[in-house]
Amino acid sequence: MKVNYGGFFRKEQSAEIPLKRELNRSVVWYGMEWKIPAAYLCKEGIVLDLCRSVPKEILEAYYKKWKPLLEKEEVDPGQEAQIKRENPFARDYTATLTVDGKIYERERLSSMAWYGLGKEEANSQEAEELMEAYSCDRCRAWQFDRISFPWPEGKAEEAEVLSVTLKALPVYYEGVPRFVTKPGCGCQQVQIQNPVGISCRIEIKGCEASVLKEEMCREGMEWPRQFQILTYEIQDWDGGEAVGDKAVRPVIRDCRMSDEPRKKAEGTSGGAIGVSVFAVKEKHGDSGEETVCSSLHFEPQDETEWMVLFPKVEASEKTIFLTGQE
């Protein structure tokens, strides 16, 4: 199995083969079983393979529930947030490495999956190699994350205490009710109920129609360019969740998806190409006012329906001691 500093699974083996340090650690965290079988000591830093797994039945039930909707490509941001919450392998996290009391941030990450759910979920050769190398239970579905941590001293083999700390990033829940604005509308306030925590009040400052600059659109296609800009302020919100020292705030999204771009010649759909407006969210100085852009459409819209998504961190941080004593 090839291992290089830089976090990529599909990378040719460097001339200098890293030193492998057996760890064989396992924990249960964030609804999954985790294995950290080894650390690889390179001249640039340390590489860790984090192997997380769930029973296949959980993933099968997830796909059975959501596959019909995903195939129709009719997922609004609220449903998208729920789909991500319920997929165990889509739960984002950060990792930091502590070496003899010094903390190092992640530099690179590469991921690979082995689900074992049949032909339609084909497994790559690299995933098979990881399954074999780490003696992974084939009755479970697996996600492999290869993480690289820079360590300038380059003496990982001399470390007495080595640990990795995992922190869950927020997932999002849709609040109620949704609300509607029109270009030129005046100020108004909407109380939004958070289904899993602190609610808030949205003070709407105004809404205006705008047009995406043509030079921002790729040539050869006809792009939707009409959108609306909502200016608002979040009231009665105390910060709720935080990642590090940064508070995570509720976000506002258009309930509708953007129109798909079309080929200019035929006037037909150009396929599923993601379209969004740059600078989706912007804060105006210290005033507390923020702006968010709606989805893009070919024709001007009379109104836009919005939703509020609330952040929630669903797992406390976990420190795993790889060497030394806890």
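These legends accompany close-up views of a predicted model.

**View 1. A five-stranded open sheet.** Strands S1, S2, S3, S7 and S6 make up an open sheet, in the order S1-S2-S3-S7-S6, with antiparallel pairing. Strand S1 (19–29) and S6 stand at the edges with a single partner strand each, so one side of each has no neighbour in the sheet. From one strand to the next, the twist averages 15°. Look next at strand S2 (residues 32–41), which runs antiparallel to S3 and is joined to it by six bridges. If you would like one pair to find by eye, try Glu-33, whose bridge partner in S3 is Ser-53.

**View 2. Two helices on the sheet.** Helix H1 lies across S3, S6 and S7, and its direction is at about 75° to S3. Helix H3 (residues 125–133) also packs on the sheet, where it touches S3, S6 and S7. The direction of H3 makes about 85° with that of S6.

**View 3. Helix H1 and its bend.** The 17 residues of H1 reach 24 Å from the first C-alpha to the last, close to the 24 Å expected at 1.5 Å a residue. Where does H1 bend? The bend, of about 45°, is at Trp-66, and a proline, Pro-68, follows within four residues. Trp-66 is also one of the buried residues of H1, together with Lys-56, Leu-59, Tyr-62 and Leu-69. Residues three or four places apart in an α-helix point the same way, because there are 3.6 residues a turn. The buried residues of H1 pack against strand S3 (45–55), H2, strand S6 (108–114) and strand S7 (140–150). Just after H1 comes Glu-73, with a positive phi near 55°.

**View 4. Helix H2, its cap and its cover.** At the N-terminal end of H2, Asp-76 acts as the cap: one of its side-chain oxygens lies 3.0 Å from the backbone nitrogen of Gly-78. Gly-78 is itself among the buried residues of helix H2 (residues 77–86), and the others are Pro-77, Ala-81, Ile-83 and Arg-85. What covers these buried residues? The cover includes helix H1 (56–72), strand S9 (171–174), strand S17 (251–254) and strand S21 (304–312).

**View 5. Two loop residues with positive phi.** Tyr-30 sits in the loop between S1 and S2. Although Tyr-30 is not a glycine, its phi is positive, at about 55°. Is Tyr-30 buried or exposed? Its relative accessibility is 8%, so Tyr-30 counts as buried. Asp-100, in the loop between strand S4 (93–99) and strand S5 (102–105), is another non-glycine residue with a positive phi, of about 50°. Asp-100 has a relative accessible area of 43% and is therefore partly exposed.

**View 6. Two prolines in loops.** The peptide bond from Val-176 to Pro-177 is cis, with omega near 0°. Pro-177 belongs to the loop between S9 and strand S10 (179–181). Pro-195 is found in the loop between strand S11 (188–192) and strand S12 (200–211). Pro-195 counts as exposed because its relative accessibility is 53%, over the 50% cut-off. Which residues does Pro-195 contact, leaving aside its neighbours within four places in sequence? They are Tyr-173, Glu-174, Gly-175 and Phe-310. Tyr-173 is 22 residues from Pro-195 in sequence, and their C-alpha atoms are 7.1 Å apart.

Key
Residues numbered from 1 in each chain as written. Predicted model: local features only at pLDDT ≥ 70, side-chain atom pairs only at ≥ 80, totals over all residues. Heavy atoms only, no water. Buried < 20%, exposed > 50% of the residue type's maximum accessible area, 1.4 Å probe, protein only. Contact = heavy atoms within 4.5 Å. Polar contact = N/O pair within 3.5 Å; in protein donor to acceptor, adjacent residues only side chain to side chain. Expected span 1.5 Å × (residues − 1). Bend = angle between axes of the 7 residues up to and from the residue. Pairing = 2+ DSSP bridges. Axes fitted to C-alpha atoms, helices over the stretch in contact; angles between N-to-C directions.
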